[in-house]
2 protein chains.
Amino acid sequence: MTTTVTLPTTVPDEYPTRKRPTPSLIFRRDPVVWSTGATGPIDTQTLEDYDKNGYLSVDQLLTDAEVELYSAELDRLATDPAVRADERTVVEKSSNEVRSIFEVHKISELVAKLVADERVVGRARQILGSDVYVHQSRINYKPGFGGAGFYWHSDFETWHAEDGMPAMRACSISIALTENFAQNGCLMIMPGSHRTFVSCVGETPAEHYKQSLKEQEIGTPDQDSLKLLANKHGIEQFTGPAGSATIFDCNCMHGSNGNITPWPRSNIFVVFNSVENATVEPFAAPSPRPPFIASRDFTPVG
Amino acid sequence: MTTTVTLPTTVPDEYPTRKRPTPSLIFRRDPVVWSTGATGPIDTQTLEDYDKNGYLSVDQLLTDAEVELYSAELDRLATDPAVRADERTVVEKSSNEVRSIFEVHKISELVAKLVADERVVGRARQILGSDVYVHQSRINYKPGFGGAGFYWHSDFETWHAEDGMPAMRACSISIALTENFAQNGCLMIMPGSHRTFVSCVGETPAEHYKQSLKEQEIGTPDQDSLKLLANKHGIEQFTGPAGSATIFDCNCMHGSNGNITPWPRSNIFVVFNSVENATVEPFAAPSPRPPFIASRDFTPVG
């Protein structure tokens, strides 16, 4: 299933993190939009806004019928004994409910088809200016009534430190299967924060991912940097109906508050990386995370 | 300081809670607005909306100068060694920061003056249709960067069960000293929920308040009732600048999410109860909470 590759180690570390005793801010050294004049599903204005803000929203990426289809698929997967027993499935112990299924594009044909859909991969290609592969995919079910939030982080910080992603040439798409309200712990992004890399302190312990999927401590930005970014950029909340989607740059500072409302949130989450930015040895971790969290299969999608 | 009174025990329990093994919904038996044609700071339309929704907002209750004055008073109190050592002050152990100061209208002359200000007590009198006394007052400092939320609850449920408040004839005013954003864990209310009393399960243990001020379990509404109320009424978020205020009925179902933003929230919080609704023996607790949390001094304000 997984392609074994010999990881090169000679790529320079443009974004050092978890290596120094004090945090620092590093200006982004990579473009945000890598294509030049390429055509695709994203119009010029939206692409310019993405460049500036680090994200874009699509009001209706999926039809209502597709939302139903993928919600039913989520239910099917969450109740399939083989899937539940799979190491790629995160089951909450206290409730015995499935929270996430990783590498879901390899588990579900339906999801694989969606990932390869021009509406999805076409947008990623247009932003990243090349063929792309799936660095990570998952389907998430976040309960209401006290579901936990996620503290501020840049995905790239982790992907660089722990997965060996050299440059900022990746993006994530979150496709909502339920409505996102301002009240139910929706995604928050600091617009424009993608141009600043917050170099974090701390040394990555072995098998850090087992802890960090629950609550991250290593790789957490310091409060002074967060204050500076929040006061400079503000904080945007992402609301929208089921079927809407948000695409955001790998270095956006983002997080979410908890959710005490009764309204759960489900989404399909896919990280695309440029095939020209394939991961190498981790820049600041003893060993790479397992391939179901950080793929080593660089086969282009579609 | 505290008036000692002999608590009557013959008041009928119109809102039984924490007495039965299953939750239930009880229709409100009391008016929401108790005055008839009374004049005061609240205009007729706003009073009608309060009757319907269970809350009202005041865009600018305090001037900017007053916000500064009360913020400085909060800082002064929080750094006063005598106040810090007082049992009415809640200090967070991990950070050594003051989180709340209870009975603050008896500790601070400035706050006492504000409570007795016509803009504040006048509104409470107008809603409750009588003279009013302070059932509880506090000043709150809620930090950013992961400050905890508060789960859904009706204040009246606790005041009835643990403090012996007979009827729904009380209201709270929260005066913001910092801006409330949708992103920093602002107050959420289900509009119209004040007409339904959610009778909770569980038996109140002795000295329950010591635990419940941190995280409440007993007196927590069940998920089915919350789903019903949230889907019927929706959930409103209360945002507004420093100096704005929200007044809400004692039986509003309300709560707040956590706050991962860098932006803290401070407010002055006062609970007014009608002098005609003075508290009696607790309806469902072994003994009343201490008077700095639930006053037994029924002296009218102003």
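Here a trainee and a mentor talk through a predicted model with chains A and B.

Mentor: Ground rules before we start: this is a predicted model, where local features need pLDDT of at least 70, side-chain atom pairs count only at pLDDT 80 or more, and totals for chains, interfaces and linings use all residues. Residues are numbered from 1 along each chain as its sequence is written, chains are lettered from A and ligands numbered from 1 in the order in which they are written, and side-chain values use heavy atoms, with hydrogens and water left out.

Trainee: What makes the two copies related as by a two-fold rotation axis?

Mentor: Copies are superposed by least squares on the C-alpha atoms of residues with pLDDT of at least 70 in both. Done that way, chain B lands on chain A with an RMSD of 0.0 Å, after a turn of 180° and a shift of 0.0 Å along the axis. The two copies are thus related as by a two-fold rotation axis.

Trainee: Which residue of chain B comes closest to that axis?

Mentor: That's G258(B), with its C-alpha at 2.8 Å.

Trainee: How do you know that the copies meet through the same surface?

Mentor: 100% of the interface residues of chain B are also interface residues in chain A, so the surface is the same one. The contact (heavy atoms within 4.5 Å) takes 24 residues from chain B and 24 residues from chain A.

Trainee: How much do chain B and chain A bury between them?

Mentor: About 2,000 Å², 65% of it on carbon and sulfur atoms. Buried area here is the accessible area (1.4 Å probe) that two parts lose on being put together, summed over both.

Trainee: How many salt bridges cross the interface of chain B and chain A?

Mentor: The rule finds 0. It asks for a side-chain nitrogen of Lys or Arg within 4 Å of a carboxyl oxygen of Asp or Glu. What chain B and chain A do have is 10 residue pairs in polar contact, both at pLDDT 80 or more. A polar contact is a pair of N or O atoms within 3.5 Å; within protein, one must be able to donate a hydrogen and the other to accept it, and residues adjacent in sequence count only if both atoms are side-chain atoms. On the side of chain B that touches chain A, α9(B) gives the most, with 5 residues.

Trainee: Why is α7(A) called largely enclosed?

Mentor: First, helices (H or I, at least four residues) and strands (E, at least two) are DSSP runs, numbered from the N terminus. Buried means under 20% relative accessible area, exposed over 50%, partly exposed in between (1.4 Å probe, protein chains only). In α7(A), residues 155–163, 9 of the 9 residues are buried, so the helix is largely enclosed by the rest of the structure.

Trainee: What caps the N-terminal end of α7(A)?

Mentor: S154(A), with a side-chain oxygen 3.2 Å from the backbone nitrogen of F156(A). After α7(A) comes G164(A), with a positive phi near 75°.

Trainee: What makes R289(A) and D163(A) a salt bridge?

Mentor: Their side chains meet at 2.8 Å, N to O, and the limit is 4 Å. R289(A) sits in the segment after β13 (265–274) of chain A and D163(A) in helix α7 of chain A, 126 residues apart. Both R289(A) and D163(A) are buried.

Trainee: Why is S137(B) called buried?

Mentor: S137(B) has 1% relative accessibility, so it counts as buried. S137(B) is in strand β5 (residues 132–142) of chain B. A polar atom of its side chain lies 2.9 Å from the backbone nitrogen of V104(B), and a polar contact of 2.8 Å joins the side chains of S137(B) and H105(B).

Trainee: What is notable about the phi of R18(B) and of E207(B)?

Mentor: Most residues other than glycine have a negative phi. R18(B) has a positive phi near 60°, and E207(B) has a positive phi near 50°.

Trainee: Buried or exposed, how do R18(B) and E207(B) count?

Mentor: R18(B) has 6% relative accessibility, so it counts as buried. E207(B), at 49%, counts as partly exposed. R18(B) lies in the segment before β1 (24–27) of chain B, while E207(B) is in the loop between β9 (196–199) and α8 (208–212) of chain B.
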